[in-house]
Amino acid sequence: MGNTIMFIILALVIIGSALLCVATTRIMRAATFMLFVLFGVAGIYFLLDYTFLGAAQIAVYAGGVTMIYVFAIQLVSKRTLQGLVEHVKCSRLISGGLAALAGLAVVCFIILKTGFVLDQSVADVEVPMNEIGTALVGSEKYQYVLPFEFISLFLLACIIGGLVVARKEEKDA
């Protein structure tokens, strides 16, 4: 019962923060709400007793959101970051709500079509942590070291690109 209540609380935090993340027009607020979403997902990992994945979620994504803060500070003007007034157009709110409802309808249709049923029972076999670690950093079939390396190279290219763009703006000013 306690796990169910904790899951509901985490789900509400994740859903609320995700909605606020996409609804705000201020980049720093959006990054902060995204950080709350990622911490909520880490909380679900901890709730499922996947402490390694929860810790990795916090370490990797908290670092990623920190990089978003750095990009926001470097690439966005001071005036934009301060943003004195935030206006939300009614048409934008309605179109966003309709898009969200369409997405919900598609997800519900897929769940009903595939017969996906939420099962409260726990899996019969527990996966040991050494198998999860081997799968994450292994280089054989169905192991993920190459995607991790490609993502790290992509993030490095983004950081370098952000620095180049920021320096060009300083020279022009």
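The protein chain holds seven helices and zero strands, where helices (H or I, at least four residues) and strands (E, at least two) are DSSP runs numbered from the N terminus. Along the sequence, the chain reads α-α-α-α-α-α-α. This is a predicted model, in which local features need pLDDT of at least 70 and side-chain atom pairs count only at pLDDT 80 or more, while totals for chains, interfaces and linings use all residues. Residues are numbered from 1 along each chain as its sequence is written, and side-chain values use heavy atoms, with hydrogens and water left out.

**The chain as a whole**

Of the 173 residues in the protein chain, 16% are buried; buried means under 20% relative accessible area, exposed over 50%, and partly exposed in between (1.4 Å probe, protein chains only). Contacts, meaning heavy atoms within 4.5 Å, can also be sorted by sequence separation. Among those in the protein chain between residues at least 6 apart in sequence, 59% join residues at least 24 apart.

**Helices H1 and H2 side by side**

Let us start with a pair of helices. Two packed helices are described by the angle between their axes and the distance between the axes. Helix H1 (residues 2-23) packs against H2 at an angle of about 160 degrees, and their axes are 8 Å apart. Here, axes are lines fitted to C-alpha atoms, for helices over the stretch in contact, and angles run from 0 to 180 degrees between N-to-C directions. H1 and H2 are therefore roughly antiparallel to each other; angles over 145 degrees earn that label, while those under 35 count as roughly parallel, 65 to 115 as roughly perpendicular and the rest as oblique. Their crossing is left-handed, a term used if the near helix is turned anticlockwise from the far one by less than a right angle, with right-handed used if clockwise.

Which residues bring H1 and H2 together? On the H1 side they are Asn-3, Met-6, Phe-7, Leu-10, Val-13, Ile-14, Ser-17, Ala-18, Leu-20 and Cys-21, and these meet Ala-30, Phe-33, Met-34, Phe-36, Val-37, Gly-40, Val-41, Gly-43, Ile-44 and Leu-47 in H2. By class, this contact has 16 nonpolar, four polar and no charged residues. In that scheme Ala, Val, Leu, Ile, Met, Phe, Trp, Tyr, Cys and Pro count as nonpolar, Asp, Glu, Lys and Arg as charged, and the others, Gly among them, as polar. An α-helix has 3.6 residues a turn, so residues three or four places apart point the same way.

Two H1 residues are worth a visit. Ser-17 lies in helix H1 and is buried, with a relative accessible area of 8%. Leaving aside neighbours within four places in sequence, Ser-17 is in contact with Phe-33, Phe-36 and Val-37. Met-6, also found in helix H1, counts as partly exposed at 38% relative accessibility. Met-6 and Ile-44 are 38 residues apart along the chain, and their C-alpha atoms are separated by 8.6 Å.

**From H2 into H3**

In H2, the buried residues are Ala-30, Ala-31, Phe-33, Leu-35, Val-37, Leu-38, Gly-40, Ala-42, Gly-43, Ile-44 and Leu-47. Gln-57, in helix H3, is buried too, at 8% relative accessibility. Setting aside neighbours within four places in sequence, Gln-57 is in contact with Leu-38, Val-41, Ala-42, Tyr-45 and Ala-62.

Further along helix H3 (residues 51-75) sits Val-70, which is partly exposed with a relative accessible area of 34%. Val-70 and Gly-162 are 92 residues apart in sequence, yet 9.5 Å apart in space, C-alpha to C-alpha.

**Helix spans**

The expected span of a helix is 1.5 Å times one less than its number of residues. The table sets out two helices for which the expected and modelled spans agree.

| Helix | Residues | Number of residues | Expected span | End C-alpha distance |
|---|---|---|---|---|
| H2 | 27-47 | 21 residues | 30 Å | 30 Å |
| H5 | 90-114 | 25 residues | 36 Å | 36 Å |

**Positive phi values**

What follows H2 and H5? H2 is followed by Asp-49, whose phi is positive, and H5 by Gly-115, with a positive phi near 75 degrees. Asp-49 has its phi near 65 degrees, a positive value in a residue other than glycine. Asp-49 lies in the loop between H2 and H3 and is exposed, with a relative accessible area of 63%.

Tyr-142 also has a positive phi, of about 65 degrees, although it is not a glycine. Tyr-142 sits in the loop between helix H6 (129-137) and helix H7 (145-172), and is exposed at a relative accessible area of 68%.
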